[in-house]
Amino acid sequence: AFEFYPTPRETVQSLIDSPLVVLPGGRWIEPCAGSGRINATVNAARADVSWLLVEIDERHRADLTATLRDDDVLLPFGDFVIRDWPYPRADVLIMNPPFSHALAFVEAAMTRARTVVMLQRIAWMCPARASWLRLHAPNVYALPKRPSFTDDGNTDMADYAWFVWPDGQHDRRAGRVAMLDAASA
């Protein structure tokens, strides 16, 4: 339901361990928080982040509640893309959005956060989004191995990357491409 594929912790760890990607502390948003793996992984590594968590599927309430720290907020369940957003602009928005709605998530994210970070198939950079990507080129940080989004450890045939639109660089023609290291143990 809702194209839910839990984000593997090592996928998040590869990003936050990398010296290539320096994300500021402060208020972060996770707009499709699912079971809370992204924020829980970041919280295990960093104490300088507080969260606004958004999720459409109420079945994840208990998992998300278990990940909350003192300054974190779990917003009422609903669709991030179309909901009213009265909150100040966040420092970072990090997400693993549904593939079929990823562009809508990125566009909404750019209005709500200074730095936007999205996990997606590398094939997301395709002709269907070429005109948009020419105007909003991300930095692309490829994962060193295919992540498994299932409990059995199997992977699909796609390669994945973190797409990053840095603060002040949402509208640009080119970005950087790099390969991340494997997650630390």
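Which elements do the buried residues of α1 pack against? Here are a few notes on this predicted model, beginning with that point.

1. The buried residues of α1 pack against α2, β4 (90-95), β5 and β7 (160-165). Helix α1 itself covers residues 9-17, and its buried residues are Thr-11, Val-12, Gln-13, Ser-14, Leu-15 and Ile-16.

2. Stepping back to the whole fold, the protein chain holds five helices and eight strands. Followed along the sequence, they come in the pattern α-β-α-β-α-β-β-α-β-α-β-β-β. As for contacts with a separation of 6 or more, 64% of them join residues 24 or more positions apart.

3. The overall dimensions are worth a look too. A compact globule of 185 residues would have a radius of gyration near 16 Å, so the 15 Å of the protein chain agrees with that. Along the principal axes, the C-alpha atoms fill a box of roughly 40 × 40 × 30 Å.

4. On burial, 50% of the 185 residues in the protein chain are buried. The chain exposes about 9,100 Å², and carbon and sulfur atoms supply 52% of that area.

5. Do have a look at the largest pocket, which offers about 680 Å³ of space. It is lined by 39 residues, and Phe-2, Glu-3, Asn-96, Pro-97 and Pro-98 are the closest to its centre. By class, the lining has 20 nonpolar, eleven polar and eight charged residues.

6. Some named elements take part in that lining: α2 (37-45), α4 (102-112) and β5 (113-121) each supply at least two residues. Both α2 and β5 are also among the elements that the buried residues of α1 pack against.

Conventions:
Residues numbered from 1 in each chain as written. Predicted model: local features only at pLDDT ≥ 70, side-chain atom pairs only at ≥ 80, totals over all residues. Heavy atoms only, no water. 1 Å grid on protein atoms, 1.4 Å probe; cavity = no way out; pocket = protein on both sides within 12 Å on 5 of 7 lines; lining within 4 Å. Points joined across faces, edges and corners; volume = space filled by probe spheres on them. Helix = DSSP H or I, 4+ residues; strand = E, 2+ residues; numbered from the N terminus. Nonpolar A, V, L, I, M, F, W, Y, C, P; charged D, E, K, R; others polar. Buried < 20%, exposed > 50% of the residue type's maximum accessible area, 1.4 Å probe, protein only. Contact = heavy atoms within 4.5 Å. Rg over C-alpha atoms; globule rule 2.2 N^0.38 Å. Areas by Shrake-Rupley, 256 points an atom, 1.4 Å probe, with all protein chains shown as cover.
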